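I set out to look up the charged pairs, the core and the surface of this protein. My notes follow in the order I made them.

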Amino acid sequence: MPGQQEPPSPPLPKSGASSTGGSPGSGGSYSSSSGGAGVSSSTTAAPPSGSTLDVDRSARFTSLGYQNITKLREEAAKYERMAFRERARSAKFNTVMEKHRHRATVLREKEQATLAKIPDLETEQQEQQKLLQMGASGTSSGAVQPHEQSKIHVRIRKLQQKMANLQRRAKTLEHKAAHHLQIASQKKVLSDAAIEKAKQWEAEARQYTLMADRMQKATEPESFAPNLGR
């Protein structure tokens with residue numbers, strides 16, 4: 001319209017400003033988002049620390065080791081009980097053996113005491129035989145009547161019977177003593193066998209105890225503590 005001025009046209013934005021203004025904002029937002037994504041990905045993808053795994057592994061190893069140690073010590077205790085049982089059996093056999101030996105010794109003493117009576121009877125028998133010979137010779141100094149001679153014969157037979165009985169009793173005592181000695185020798189063999197078994201069980205118990213000690217030493221914390229930082 002005449003008499004009115006046209007409004008001035010708005011200034012055009014500068015290409016440099018618009019290009020630089022838009023790109024920094026967009027670039028800044030992209031860089032921040034990309035930076036945040038990078039940080040989050042780095043935090044989630046990081047593997048767990050090695051010390052934690054080592055601690056867990058060592059704890060499991062320790063628990064399993066203690067279980068094995070307990071089993072080994074139980075086995076050692078079992079073999080020790082078996083060894084004690086065999087030694088008790090050996091002691092029992094030794095007691096029975098000594099009883100039979102004592103009985104055999106007593107019987108031997110009775111045998112010797114029985115045999116010691118025979119020489120006196122033999123001496124008396126010889127005296128009676130001398131009297132009988134004197135009566136048979138008919139000497140005046142030592143004449144023996146016929147009825148006296150018959151008495152002497154009876155005495156001699158009685159003495160012979162006593163000696164025979166003593167010899168039989170001595171032989172019986174000897175047989176009994178030999179029987180007791182035989183039983184004592186058998187008990188001695190059983191006692192020695194029990195001692196050998198006890199020694200074997202004790203050796204087994206020592207082996208299990210040694211294995212348990214070695215394993216316990218291997219499962220102690222100070223044995224694997226230097227490996228935790230690797």
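I began with what counts as a salt bridge: a side-chain nitrogen of Lys or Arg within 4 Å of a carboxyl oxygen of Asp or Glu. Searching the whole structure on that basis, I found eight salt bridges. The model is a predicted one, and I read every entry below with that in mind.

**Overall layout**

I looked up the secondary structure next. The protein has five helices and zero strands. Read from the N terminus, the order of elements is α-α-α-α-α. I also checked burial over the chain: of the 230 residues, 19% are buried.

**Salt bridges**

I took three pairs from the search, starting in helix H2.

Lys 78 is bridged to Glu 75, and their closest N and O atoms are 3.2 Å apart. Both residues belong to helix H2 and sit three residues apart, about one turn of the helix. Are they buried or exposed? Lys 78 has a relative accessibility of 32%, so I entered it as partly exposed. Glu 75 has 29% and is therefore partly exposed too.

Further along helix H2, I noted a salt bridge between the side chains of Glu 98 and Arg 101, at 3.9 Å from N to O. How far apart are Glu 98 and Arg 101 in helix H2? They are three residues apart, which means about one helical turn between them. Glu 98 has a relative accessible area of 43%, so it goes down as partly exposed. Arg 101, at 36%, is also partly exposed.

The third pair is in helix H4. There the side chains of Lys 171 and Glu 174 meet in a salt bridge, 3.4 Å from N to O. Again the spacing is three residues, about one turn of helix H4. Lys 171 is partly exposed at 44% relative accessibility, and Glu 174 is partly exposed with a relative accessible area of 27%.

As a general note to myself, side chains of opposite charge can pair when their charged atoms come close.

**Positive patch**

I then asked which residues form a positive patch on the surface. The members are Arg 103, Lys 110, Lys 117, Arg 168, Arg 169 and Lys 176. Helix H2 (50–115) and helix H4 (146–218) are the elements that each supply two or more of these residues. H4 gives the most, with three residues. I looked up Lys 117 separately and placed it in the loop between H2 and helix H3 (118–137).

**Nonpolar core**

Which residues make up the largest nonpolar core? I listed five: Ile 118, Leu 121, Leu 159, Met 163 and Leu 166. H3 and H4 are the elements that give two or more residues to this core. H4 gives the most here, with three residues.

**A contact distant in sequence**

My last entry concerns Gln 186, which is found in helix H4. Its relative accessible area is 44%, so I recorded Gln 186 as partly exposed. I then checked the distance from Gln 186 to Met 97. The two are 89 residues apart along the chain, and their C-alpha atoms are separated by 8.1 Å.

How values were computed
Residues are numbered from 1 along each chain as its sequence is written. This is a predicted model: local features need pLDDT of at least 70, side-chain atom pairs count only at pLDDT 80 or more; totals for chains, interfaces and linings use all residues. Side-chain values use heavy atoms; hydrogens and water are left out. Patches are made of residues with over 30% relative accessible area and no salt bridge: like charges are joined within 9 Å, nonpolar side chains (Val, Leu, Ile, Met, Phe, Trp, Tyr) within 5 Å. Accessible areas come from the Shrake-Rupley method with a 1.4 Å probe; for residues, only the protein chains shown count as cover. Lys and Arg count as positive and Asp and Glu as negative; His and the chain ends are not counted. The place of a charge is taken as NZ of Lys, CZ of Arg, CG of Asp or CD of Glu. Helices (H or I, at least four residues) and strands (E, at least two) are DSSP runs, numbered from the N terminus. A nonpolar core is a set of buried Ala, Val, Leu, Ile, Met, Phe, Trp, Tyr and Cys residues joined through side-chain atoms within 4.5 Å. Buried means under 20% relative accessible area, exposed over 50%, partly exposed in between (1.4 Å probe, protein chains only).
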